[in-house]
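Please find below my notes on the model you sent. They are arranged as numbered points, to be read beside the coordinates.

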Amino acid sequence: MRITAPVAVCLLLLPLLPACTPAQMRMPDGFAADAVAYEVSGHSPRRFNQPVRFGPYSALQMREGSTFSWRVPLPAFDVGRTSRPYDYTMVARDQPPVEVQCRTQAWTVGRGDASGRVTVDVTALAGPLLACGLRMDSRPPQVLEMMHEGDGLRGHLRSPWGSDYTVRAVYDYQGTPVSGMTPTGYAIADGGSTLAVVDVLNRGRVHLDRRLDDDQRVYFAAAAAALLLLDPELGE
């Protein structure tokens, strides 16, 4: 039986808490005070091809492809690939639209039968787990990528104004030293300064630094929607 991350945290903390409340993502130090938070609709529960919305931002014209998997048996092991595309247009009033096209993919190598099977994720050797192209208005398209690095997911987001931001998965929970096996969210940063946080727990929440200008905000919102739709357990 697979135990979801929030349930697992509740079980671990049950002896310490009179009642278990929904788990919350631990925010990066010093970020929340300078951010505005938007509740997400359309993320959890997720309905196929329906918009994702938060605050003034809406990911419309949503087109989600089906998850496609195959496995090739070889003499000593087998190789499998799972992939899923999705695309949408992020819009906000009086802001240029951002067209987003994404592809997720996972590669695995497995050995053994169902009762004693061992599977290794080798996506990092074949390319990013998530690769997106973001086109803002009529400017050249830019790249958002997430890949396995060490024990976590890391990547980068390039912008049409020339900046290159780091993106990292967060695995921590608020109020507890417990870390999850899957991301609780993602942080987008410029050097040591966090500019946006995508909380994927519960219904989801997007936090944007108040100091961002309007173009930056809609662009980060477009990237946030891509991260909300990412399944980090693809192929498992």
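The points go from overall figures and confidence to the strands, the disulfide and the cores.

1. Overall content. This is a predicted model, and its secondary structure consists of three helices and 14 strands. Of the 236 residues in the protein, 44% are buried. Among contacts with a separation of 6 or more, 52% join residues 24 or more positions apart. The protein exposes about 12500 Å², and 52% of that area comes from carbon and sulfur atoms.

2. Confidence. The mean pLDDT is 85, with 81% of the residues at 70 or more. Among the elements, strand 2 (residues 52–54) has the highest mean pLDDT, 98, whereas helix 1 (residues 5–13) has the lowest, 47. Over residues 1–9 the pLDDT is below 50, although this stretch has eleven contacts in the model beyond near neighbours in sequence. Residues 13–18 also stay under 50, and for them the model has one contact beyond four places in sequence. I would ask that any description of helix 1 carry its mean pLDDT of 47.

3. Strands 10 to 12. Strand 10 (residues 152–158) pairs with strand 11 (residues 164–170) in the antiparallel sense, over five bridges. The two form a hairpin with five residues between them, and Gly162 in the turn has a positive phi of about 100°. Strand 11 is also joined to strand 12 (residues 185–190), again antiparallel and by five bridges. In that second pairing, Val170 stands opposite Gly185 of strand 12.

4. His156. Is this histidine of strand 10 buried or exposed? His156 counts as buried because its relative accessible area is 17%, and the cut-off for buried is under 20%. Its position opposite Thr166 places it in the pairing with strand 11. Leaving aside neighbours within four places in sequence, His156 is in contact with Asp164, Tyr165, Thr166 and Val167, and also with Val143, Leu144 and Glu145.

5. Disulfide. How many disulfides does the model contain? The count is one, formed by Cys102 and Cys132 with their sulfur atoms 2.1 Å apart. The link connects distant parts of the chain, since Cys102 is in strand 6 (residues 98–111) and Cys132 is in strand 8 (residues 130–136), 30 residues apart. The angle about the S-S bond is 110°, and the link is right-handed. Both cysteines, Cys102 and Cys132, are buried.

6. Largest nonpolar core. This core has 51 residues, of which Phe54, Met90, Leu134 and Leu157 touch the most other members. Helix 3 (residues 214–229) gives the most to it, with twelve residues. Beyond its neighbours within four places in sequence, Leu134 is in contact with residues that include Leu157, Tyr219, Ala222 and Ala223. The contacts of Leu134 also include Val98, Glu99 and Val100, as well as Pro140, Pro141, Gln142 and Leu144.

7. Second core. Apart from the largest core lies another, of ten residues. Its members include Phe31, Val170, Val197 and Leu201. Val170 is also the residue that stands opposite Gly185 in strand 12.

Conventions. Residues numbered from 1 in each chain as written. Predicted model: local features only at pLDDT ≥ 70, side-chain atom pairs only at ≥ 80, totals over all residues. Heavy atoms only, no water. Pairing = 2+ DSSP bridges. Helix = DSSP H or I, 4+ residues; strand = E, 2+ residues; numbered from the N terminus. Buried < 20%, exposed > 50% of the residue type's maximum accessible area, 1.4 Å probe, protein only. Contact = heavy atoms within 4.5 Å. Areas by Shrake-Rupley, 256 points an atom, 1.4 Å probe, with all protein chains shown as cover. pLDDT = per-residue confidence, 0-100. Disulfide = S-S within 2.5 Å. Core = buried A, V, L, I, M, F, W, Y, C linked by side-chain atoms within 4.5 Å.
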